[in-house]
Amino acid sequence: MEWRCSICGYIYDPNLGDPDGDVRPGTYFEYLPLDWICPECGAGKEVFEMIDEDFEDEEFVPRHLL
């Protein structure tokens, strides 16, 4: 299951992890460190939203552009 930052649109994919943030591939979002931040904009985990695999949102607009 992927998670999207509602600020910048960065997608966290647990299959890839976050090598630059010392998060190994296979790390589920729920198990990221509490102080993990979006590698693109620096936002905290609380602004990430789970992406519904059955609903394709092609028109994502970052929160700061709303």
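In this predicted model, Trp3, Tyr12, Phe29, Trp36 and Phe48 come together as one aromatic cluster. Across the whole structure, a search returns six aromatic pairs. One of these is formed by Trp3 and Phe29, whose rings are stacked, with 4.3 Å from centre to centre and 10° between the planes. This pair joins distant parts of the chain, since Trp3 belongs to strand S1 (residues 3–5) while Phe29 sits in the loop between strand S2 (11–12) and strand S3 (48–50), 26 residues apart.

Phe29 also takes part in a pair with Trp36, and here the ring centres are 6.3 Å apart with the planes at 85°, so the arrangement is edge-to-face. The planes of an edge-to-face pair must be over 60 degrees apart, whereas those of a stacked pair must be under 30 degrees apart. The two pairs that involve Phe29 are set out below.

| Pair | Centre to centre | Angle between planes | Class |
|---|---|---|---|
| Trp3 and Phe29 | 4.3 Å | 10° | stacked |
| Phe29 and Trp36 | 6.3 Å | 85° | edge-to-face |

As for solvent exposure, Trp3 counts as buried because its relative accessibility is 13%, and Phe29 is likewise buried, with a relative accessible area of 7%. Trp36, the edge-to-face partner of Phe29, is buried as well. The surroundings of Phe29 also include a charged residue, for Lys45 lies over the face of the Phe29 ring, at 5.4 Å from the ring centre.

Lys45 appears again in the environment of Leu32, a residue which, when neighbours up to four places away in sequence are not counted, touches Tyr12, Val23, Thr27 and Lys45. Leu32 is located in the loop between S2 and S3, and because its relative accessible area is 4%, Leu32 is classed as buried. Between Leu32 and Asp18 the separation is 14 residues in sequence and 9.7 Å in space, taken from C-alpha to C-alpha.

The strands themselves make up an open sheet of three, in the order S2-S1-S3 and with antiparallel pairing. S2 and S3 are the edge strands, each of them pairing on one side only. The pairing of S1 with S3 is antiparallel and runs over three bridges, and across the sheet Arg4 stands opposite Glu49 in S3. Strand S1 thus holds Trp3 of the stacked pair and also pairs with S3.

Key: Residues numbered from 1 in each chain as written. Predicted model: local features only at pLDDT ≥ 70, side-chain atom pairs only at ≥ 80, totals over all residues. Heavy atoms only, no water. Phe/Tyr/Trp six-rings, centres within 6.5 Å; stacked < 30°, edge-to-face > 60°. Helix = DSSP H or I, 4+ residues; strand = E, 2+ residues; numbered from the N terminus. Buried < 20%, exposed > 50% of the residue type's maximum accessible area, 1.4 Å probe, protein only. Lys NZ or Arg CZ within 6 Å of the ring centre and 35° of its normal. Pairing = 2+ DSSP bridges. Contact = heavy atoms within 4.5 Å.
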